[in-house]
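Here's a quick look at a ligand site and the packing around a protein interior. Have the viewer open as you read.

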Amino acid sequence: MKFFIDTANVKEIKEASEFGIVDGVTTNPSLIARENKKSDALLKEITSLVRGPVSAEVIGLDAESMVKEARSLAKISDNIVIKLPLVKDALKAVSILSAEGIKTNVTLCFSAAQALLAAKVGADYVSPFIGRIDDTGSCGMDLIADIKKIYSNYGFKTRIIVASVRNPLHVVDAAKLGADIATIPFSVIEQLVRHPLTDIGIKKFLEDHKKIPK
Ligand code: E4P
């Protein structure tokens, strides 16, 4: 299972990379806006920090502007992946971009039908937003199970990025279902490491260590 970090914050990317668990980065316009830096320069910096894929999202909603923006974003670095929101024109754009060898991540996916279409047009990645589904009172992880089943029925190569991750359980459940990737906010990466029993255990070992005759 691969871990992407879901942020545009350079400090977080550097710190998480030092743990040795970051296989890629996902950004979106909201995450980029938080950084108060010019988008292209920030993306360039991010691509220099990680070897793996870095998703950068288009703003246009028609195929022509999506393709134009995608071509320009792809020039930033070889590891840029173009994120496109799951609308009709994105499907058209994915076909064009795939033919040009530009990698795509179809985002804002909220149904198995949408994920099926993303795979049909040859998207490299699909990003179902499980946290936002949970927020509506439905179970986001059920969508991951459905997509996994559909993709395996037909051998689709599109990789599933479990997105909108809100807590460690989301990551563990995604792993149990065999999702290819989870894109995880920095705060959740930190939560994944911690366990109170580990801290209690360390405290006790250190106390006992002091009792060992020198
Ligand atoms: C994924 O690619 C998105 O950037 C992200 O996971 C959205 O998460 P949110 O629902 O917490 O905004």
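We'll start with the ligand and then turn to the core.

This is a predicted model, with local features needing pLDDT of at least 70, side-chain atom pairs counting only at pLDDT 80 or more, and totals for chains, interfaces and linings using all residues. Residues are numbered from 1 along each chain as its sequence is written, and side-chain values use heavy atoms, leaving out hydrogens and water.

Around the ligand (a heavy atom within 4 Å) you'll find Asp6, Thr26, Asn28, Lys83, Phe129, Arg132, Ala163, Ser164 and Arg166. Three side chains make polar contacts (N or O pairs within 3.5 Å) with ligand oxygen atoms:

| Side chain | Distance to a ligand oxygen |
|---|---|
| Asp6 | 2.7 Å |
| Asn28 | 2.7 Å |
| Ser164 | 2.7 Å |

On its own, the ligand has 350 Å² of accessible area (Shrake-Rupley, 1.4 Å probe), and the protein covers 84% of that.

As for packing, Leu84 is in contact (heavy atoms within 4.5 Å) with residues beyond four places in sequence, including Val58, Met66, Ala90, Leu97 and Val106.

Key:
A polar contact is a pair of N or O atoms within 3.5 Å; within protein, one must be able to donate a hydrogen and the other to accept it, and residues adjacent in sequence count only if both atoms are side-chain atoms.
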